[in-house]
Amino acid sequence: MQPSSSLFPAIRLKPKGDARKIRHGFPWVYANELVTDRRTKALATGAIALLEDAERQPLALVAVNPESRIFGRVLEPASASLPEGGPDKAWFAARIARALALRETLFDAPFYRLIHAEADGLPGVIIDRFGDTAVVQPNAAWADVRIEALCAALVEVTGVSKVLKSASGRARGLEGLDDISMVLAGTAPEAPVPVRMNGATYMADLTGGQKTGLFYDQRPNHAFAARLAKGARVLDVFSHVGGFGLACLAGGAERALAVDGSAPALELASAGAAAMGAADRFQTRQGDAFAQLEALNAEGARFEVVICDPPAFAPSKQALEAGLRAYERIARLAAPLVAEGGFLGLCSCSHAADLGKFRAASIRGIGRAGRDAALIHTGYAGPDHPMHPQLAESGYLKALFFRL
């Protein structure tokens, strides 16, 4: 195979660009860091380029998207070789096999996040596995244009018979990509897929649900909450398909109330409760979470365990201040619902709100509610969501558990 430097066009950092950051493993190159002449701007979306520093020393092989703020995503060091057309089936297969080996070490059943983007060597790519079905989110242009090779490698390495493409989510819009989901291999499941986690059963809608159909990242935090819930009344706010509530029922909770704005999600949660024989201990309330918290306070409701797992209130730096106010408000409304000596779990999946800022907002809200609190546990995403050590955004999930 020819040296990659002779196969691909070169793009170059500006003199003020931080080449050392790239050499140390940072996986993104921003458009404002590059010399963007007409030739660079004319590169095809998804093309491979050789990234050079300002002195024209090779840094890395990157996939480019001239339409994105993240102009280049690092695929390989400059010394590596790639096929002339860029990543092919064999290249994808090697990455997927490496990721699969980790998951098979961690889990005894094939239900997990298989590929977690940059941390698994496939920038912008998410793959969740549900038994013999895999759901792919190609949230970066370079992977979207090579989806056939990616799908073929996925089937070959894992043996799944069904592959679905999920095109929902904010990230694809930022890359200039479409929102058209489709079946890539096999046929789409005709019914929600039951997933067993922490003794609970979750019903995952792989074609019409949020993101890939289920949030695997909270698995260890569900398990911690379940340890607190034996004999407890549990309130699960922003419950989606019953995440914390069903885990707590499996852990011996007396009963659980799930609150969510989505009627279909709550129907799946109820189906999960029925599948695990806990329908008589499970209730739902549909509506705006803030309004439902206010209503429960007005009713004088109390619970030994209250968990709030909202969507990303701060998905970007521009939304950070408003997002932190929302997290504080959630804590202020949720804290009065916790019985004396009970537990409050507060979660954030906003990468723009780091742990310190999220914790401070949560503590302010609890204080404004007039409650004394001790922070007893801080949780993160499970090990099937590895964190890229140079990319803080990949460590997005935080879960704080307080005793009030």
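In this predicted model, Phe 130 touches ten listed partners beyond its close sequence neighbours: Pro 110, Phe 111, Val 135, Val 193, Val 195, Ala 204, Leu 206, Thr 212, Leu 214 and Tyr 216. Phe 130 also belongs to the largest nonpolar core, a set of 42 residues in which Phe 130 and Leu 214 touch the most other members. The largest share of this core, five residues, is supplied by helix 8 (residues 243-250). Apart from this core lies another one, made of 36 residues, with Leu 257, Phe 313, Val 338 and Ala 361 among them. As background, nonpolar side chains in soluble globular proteins tend to be buried together.

Attention now turns to a sheet. Five strands form an open sheet in the order 1-3-4-5-2, and their pairing is mixed. Strand 1 (10-12) and strand 2 (28-30) stand at the edges; each has a single partner strand, so one side of each is left without a neighbour in the sheet. From one strand to the next, the twist averages 40°. In general, strands of a sheet pair through backbone hydrogen bonds, either parallel or antiparallel. Strand 4 (residues 58-64) and strand 5 take the antiparallel option, with five bridges between them. Within this pairing, Val 62 stands opposite Val 74 of strand 5.

Strand 5 also holds Arg 73. Is this arginine buried or exposed? Arg 73 counts as buried because its relative accessibility is 8%, which falls under the 20% cut-off. Its side chain makes a polar contact, at 3.2 Å, with the side chain of Glu 175. Beyond its close sequence neighbours, Arg 73 touches residues including Pro 27, Trp 28, Leu 61, Val 62, Glu 118, Asn 139, Trp 142 and Glu 175.

Gly 46 offers a link back to this arginine: the two residues are 27 places apart along the chain, and their C-alpha atoms are separated by 9.8 Å. Gly 46 sits in the loop between helix 2 (38-41) and strand 3 (48-52), and it is buried, with a relative accessible area of 2%. Leaving aside neighbours within four places in sequence, Gly 46 is in contact with Val 64, Trp 142, Val 145 and Arg 146. Trp 142 is also among the residues touched by Arg 73.

Helix 3 (residues 89-106) allows a simple check of geometry. How far apart should the ends of its 18 residues be? At 1.5 Å a residue, the expected span is 26 Å, and the end C-alpha atoms are 26 Å apart, which agrees. The buried residues of this helix are Trp 91, Phe 92, Ala 93, Arg 95, Ile 96, Ala 99, Leu 100 and Arg 103. An α-helix has 3.6 residues a turn, so residues three or four places apart point the same way. The buried residues of helix 3 pack against strand 5 (70-77), strand 6 (111-116), strand 7 (125-130), helix 4 (141-144) and helix 5 (147-158).

Two loop residues complete the picture. Ala 117 has a positive phi of about 55° although it is not a glycine. Its place is in the loop between strand 6 and strand 7, and Ala 117 is buried, with a relative accessible area of 12%. Phe 238, again not a glycine, has a positive phi of about 60°. This phenylalanine lies in the loop between strand 13 (233-237) and helix 8. At 16% relative accessibility, Phe 238 counts as buried.

Definitions and conventions: Residues numbered from 1 in each chain as written. Predicted model: local features only at pLDDT ≥ 70, side-chain atom pairs only at ≥ 80, totals over all residues. Heavy atoms only, no water. Helix = DSSP H or I, 4+ residues; strand = E, 2+ residues; numbered from the N terminus. Expected span 1.5 Å × (residues − 1). Buried < 20%, exposed > 50% of the residue type's maximum accessible area, 1.4 Å probe, protein only. Contact = heavy atoms within 4.5 Å. Core = buried A, V, L, I, M, F, W, Y, C linked by side-chain atoms within 4.5 Å. Pairing = 2+ DSSP bridges. Axes fitted to C-alpha atoms, helices over the stretch in contact; angles between N-to-C directions. Polar contact = N/O pair within 3.5 Å; in protein donor to acceptor, adjacent residues only side chain to side chain.
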